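Let's walk through this protein chain together, from its charges to its core. Have a look at the sequence and the model first.

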Amino acid sequence: MTIIFVPKQLELSLLGGALIGAAAGGLLLVNGRIAGISGILSAATARGTQGWQWAFLAGMLAAGASAALVGGHVPVGLDGESLPLLAGAGLLAGLGTRLSGGCTSGHGVCGLARLSPRSLVAVLTFMLAAGVTVFIERHGL
């Protein structure tokens, strides 16, 4: 395996992480809510929804669209993939997060910051599943 160190990519990754942390912290401070994307999406599509949920989701989509418009790069491995395949993968990931009671943003960003034991177990499970998936994919088992 070759690891390529690109200083500009490190800067952008750190900036992105800081923005995600600031947004999650801001939502908790302003609304008292955890920035779990699957929970926000679920609440936005339920009856009695509040406007902030749709605004939060619209902001996420706008950020991705803005990055694409200014020439942001597509992550390695996703360029050249079909939109239906990516949409299907996203739907399966969303179904999995709904079935498991949380997502990486809710558990990984917010839950670990609050020292939640449940979130620690969830994140360890996510990471183990990801590691096994990569191993199987790379070694063709």
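How many positive and negative side chains does the chain have, and how far apart do the centres of the two sets lie? The chain has 7 positive and 4 negative side chains, with 23 Å between the centres of the two sets. Here Lys and Arg count as positive and Asp and Glu as negative, while His and the chain ends are not counted; each charge is placed at NZ of Lys, CZ of Arg, CG of Asp or CD of Glu.

A word on the model: it is predicted, so local features need pLDDT of at least 70 and side-chain atom pairs count only at pLDDT 80 or more, whereas totals for chains, interfaces and linings use all residues. Residues are numbered from 1 along each chain as its sequence is written, and side-chain values use heavy atoms, leaving out hydrogens and water.

Now for the fold. You will find six helices and zero strands (DSSP runs of H or I, at least four residues, and of E, at least two, numbered from the N terminus). Of the 141 residues, 16% are buried (under 20% relative accessible area, 1.4 Å probe, protein chains only).

Next, step inside. The largest nonpolar core (buried Ala, Val, Leu, Ile, Met, Phe, Trp, Tyr and Cys joined through side-chain atoms within 4.5 Å) has nine residues, among them Leu-27, Ile-40, Trp-52 and Cys-110. Helices H1 (7-31), H2 (37-44) and H3 (51-69) each give two or more residues to this core, and H3 provides the largest share, three residues.

Finally, pick out Ile-40. Beyond its neighbours within four places in sequence, Ile-40 is in contact (heavy atoms within 4.5 Å) with residues including Ile-34, Gln-53 and Phe-56.

How values were computed
Buried means under 20% relative accessible area, exposed over 50%, partly exposed in between (1.4 Å probe, protein chains only).
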